[in-house]
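Here is a short, friendly tour of a structure. Please have the sequence and the 3D view open as you read.

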There are 2 protein chains.
Amino acid sequence: MVEYKVDVDDIELTLFELLDVGQLQALPRFAGQTVEEYRAVVREAAALARRDLAAINERGDRVGAHVQDGRVKMPEGFREAWRKLNEMGLTAMDLSPDHGGLGLPSALAAVVGELVMGACPSLSAFHLLTHEVARVLEVFGSEAQRRDHLARLASGAETGTMCLTEPHAGSAVGDIRTSASPQPDGTYLLRGTKIFISGGDSDVADDILHLVLARAEGDGPGTAGLSLFAVPARDNDVRLVSIERKMGIHASPTCQLAFGEQGKCRGTLLGPRSQGMRCMFHMMNAARLAVGQQGVAIGGAAYEHALAYAKERTQGGSTRIIEYPDVRRTLMTMKAYVEGLRALVLEAALFVDLTEHHPDAAVREAHEAYLGLMTPVLKAYGSDMGFKVTELAMQVFGGAGYTQDVPVEQYMRDLKAASLYEGTNGIQAMDLVGRKFLRNRGEHLNRYRAKLAASLEQAAREPEAAPLAGKVHDVLQRFAGAARTLAERAGGDGAWAGLAATPFLRALGEIMVAEVLVRRAAFAGRRLRAGAAGREKLLQGKIEVARFHVSQLLPGADADIARVASEDRSALADVL
Amino acid sequence: MVEYKVDVDDIELTLFELLDVGQLQALPRFAGQTVEEYRAVVREAAALARRDLAAINERGDRVGAHVQDGRVKMPEGFREAWRKLNEMGLTAMDLSPDHGGLGLPSALAAVVGELVMGACPSLSAFHLLTHEVARVLEVFGSEAQRRDHLARLASGAETGTMCLTEPHAGSAVGDIRTSASPQPDGTYLLRGTKIFISGGDSDVADDILHLVLARAEGDGPGTAGLSLFAVPARDNDVRLVSIERKMGIHASPTCQLAFGEQGKCRGTLLGPRSQGMRCMFHMMNAARLAVGQQGVAIGGAAYEHALAYAKERTQGGSTRIIEYPDVRRTLMTMKAYVEGLRALVLEAALFVDLTEHHPDAAVREAHEAYLGLMTPVLKAYGSDMGFKVTELAMQVFGGAGYTQDVPVEQYMRDLKAASLYEGTNGIQAMDLVGRKFLRNRGEHLNRYRAKLAASLEQAAREPEAAPLAGKVHDVLQRFAGAARTLAERAGGDGAWAGLAATPFLRALGEIMVAEVLVRRAAFAGRRLRAGAAGREKLLQGKIEVARFHVSQLLPGADADIARVASEDRSALADVL
């Protein structure tokens, strides 16, 4: 069995100290909860991940899910692991206790998400989707839908899926052709084919609830005519057509499903009619954050394996390879992205809590706007840089990293999906530039920038962070300048937005990582000066990695800013 | 069968026009040859690659090589494909006709190398290694060794291997323990274990010639005590221990071999005793160029597939995805790296011809020095950027790219090995900075820089290239400044070299790509103005992609220059 390695110290420092998740206990929703209780959840989830989930990960890859008698058969141990995970209530942690949940913060649920993903990416697909489906039902479901499904989703007795994509409708959701015909009893009969449905069939649980995006009869074309439907798999006209052969996550069956081939696929409308996109986006935003977190989770596991190997492997006599500066540089690069992105993902999860449960509407609205910007960045930059981390981990292992004696090649294959599903990273970049930046005339970005600037100003009060904060602030200013230039140009010609989208997202991602690492360096400096017995190396590491990022990685943001500001339009030339 | 797609027009334009390979016909070695003859070789090799090699590529991945009765059994079709390839003389093209070769330029052999690699990376490992082993024998072999093996290698009747790595000796070759004991008849008895031996056993041919790095009895420690031995596999005490389970190139068996378990493994000294590293490096330099070329070959195939898909796939009604600016940007990025690196790899191969066959010693020596610098850059930057291209290709395909319905995920897995074998890319960076830059006090780099600067100056005479050439020249100047800073610091403390090695290599790689694209843009501009009937789009594409690179990709070099010049040493802090 391959060990699952994760830096729980960094997780705890981030959640409990840097982000101070305990602040949530001042909100009515979380009143009476304690940080000790949260710490116990982290400890128990980490133990489960290291023991039960890590145990099935390699087998999941080598054996994979396969089709037997028209049903998906999962590799041995997956059903049992799913049961254990749900016995601990880990799928529905942040659902209300009224709905079978534990009523804990989403920030804590996000930590559990990392642990499940890092230990077994394939199983985590079930965890993630079942969680998101339950959350959509909690918000939009009718009383009957909640009663019939929430407790079963929360206990893991049924799993959930999102059914958007069709063979001809991928990124362009508006092209969906699946139809829903209203019946006299208020239900709908669905008909259509969906592809790329993660967990579309399996035997980890006894039933599946599909959330299906379809067009109700008589509704118009495009995304505005789409509604969301809850479609139970059991005793219904839903057929598994096939599963994909994929690069990785072999134990996460990616299914093609045929709904209503016999005209008998029954579903119920979920949320208001023709508001399917809004309901789906509620789910999709959370799913996008979780996909970005896969970069942290799997990249983080790869980093820990590479670090351990570098400390133990000798080359050239008794020199351990960690002593070579180029190897140290590689490890510091990995550390910067894993820890920086981890802090950002957990902060985003904390913002979900504030958006949903803060009594002050202005606070809720402000954090919702932050999340709107952060979500596409974390989805795309998190998955891309997490993948980069797995690549670097393989380099540390050398040739051995390419073999299946080491888990890194599986991490790499499993993680690659994250840049593709829930909207490719190109789609994320266009969402950021189009919907989140240009559409509100840069107002959301300005507010988020002001927040970053204020945080840097505060960090600058600590001597360890002051010179770093100044440099990050300068880059942030240059980014703002390029963003203004882009906004002016894009008003005249929309192609500018598409040309600049990818470097725009990357630059913002790099700056966000820099800000949070500098903020953490300031925090670590304060703690060190207060005397942090026994944690000196841990805390000093937070300062050093911020220095490393600002001098060695942040320069990449300036390159991307130059790309955004460039007047070049050669990509549009008719030469391809 | 998955189609192999390659841009033969770009290859021909590069080889015959931009690099003017016909110039070689002025050298005695190539006298009497014609460009028409060369063109015929390219056409025939491309046809073979598209037909016979592409046909076995997917099966090679899915079935893989496996061990049966202690021997490696290759997937169906590999032996036949190997035979066809050798019937055309494609393995020994640039060997002297005296030794069974065709006496053609290495630059032409490199084109064939790309076609074989792109169509079937696993088979190309046999092609590459057999070619390199034959070339080492041609230079260093005794008359008997040449007589016994050269014709057989050239005809493909035997394949070749390089046996360096041992379980405890990877990057640190000096730690090798395999021993060679001299016998009264002049042969040696070898004893030791070698790992990661590509093609260490197979049934594509009837015999294998292993080149084994070992320490002759009585010779000293470290690399200086190593000698190279020719060890035939047949009727010898060489046992296949196992093959690796790997991420990709499943039909390139990576073997662990035990030499002399029964004390009866006979070999003969190849080249002078204790000069094993020098002989091996002769081979390894060529192999490193070929590994860098895998980035061009496999990345190039991925690019062509993505381009074709983008032109055909619609999203959002009838919009083809190639019309989206972000997709065009992605495709232009791929085009820039594939075409730029292809031109550099072929230029390096041309320099091999000049180094080996030019009558003027000064010319030979100058090109050898260029090659010394270019080799680690092309190995590392070629494999890394080629891999990046496969990643981008997958993004163009979206979710479909992650499935095995599309060849891209196999390309990605197959290509990943290139950043690891023949010395990891970190080792290449240290080779560049240590051996190729600092050791000769920057003299080789200065000469190479002067060559780049002269080329840019010439390109600046064409209106299309002039503004681009100026920008590249400025970056080159800044790179030179950072290099000087590094040299000064590294004199005092060697750690600076290791800290800066990776960004140093990347910056130089990016500048080299920029220079060759700008040189080509100048050429294309001249041709266009001279009236290039029917080739307008092809030639205009060369100008646009140079513009794209200089404005959109070259800024990355400045980020790397900032990293090299940075005074930051946080990676050395004791916090990992």
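The notes below cover the core, the chain contact, the domains and one helix.

This is a predicted model, in which local features need pLDDT of at least 70, side-chain atom pairs count only at pLDDT 80 or more, and totals for chains, interfaces and linings use all residues. Residues are numbered from 1 along each chain as its sequence is written, while chains are lettered from A and ligands numbered from 1 in the order in which they are written.

**Nonpolar core**
- The largest nonpolar core (buried Ala, Val, Leu, Ile, Met, Phe, Trp, Tyr and Cys residues joined through C-beta atoms within 7 Å) has 422 residues, and A:Val518 and B:Val518 touch the most other members.
- Beyond its neighbours within four places in sequence, A:Val518 has contacts (C-beta atoms, placed from the backbone, within 7 Å) that include A:Leu456, A:Ala465, A:Val472 and A:Val550.

**Where chains A and B touch**
- Each side is counted separately: 68 residues from chain A and 68 residues from chain B take part in the contact.
- On chain A, the helices (DSSP runs of H or I, at least four residues, numbered from the N terminus) that each supply at least two residues include α8 (325-357), α14 (495-530) and α15 (536-553).

**Domains of chain A**
- An automatic or database assignment divides chain A into domain 1 (159-274) and domain 2 (440-569).
- Their C-alpha centres lie 41 Å apart.

**Helix α1 of chain B**
- Among the buried residues (20 or more other C-beta atoms within 10 Å of their own, C-beta atoms being placed from the backbone) of α1 (residues 8-18) are B:Ile11, B:Leu15 and B:Leu18.
- The buried residues of α1(B) pack against α2 (35-63), α4 (106-119), α8 (325-357) and α14 (495-530) of chain B.
- B:Asp20, just after α1(B), has a positive phi of about 50 degrees.

Terms used
Buried ≥ 20, exposed ≤ 12 C-beta atoms within 10 Å, placed from the backbone. Contact = placed C-beta atoms within 7 Å.
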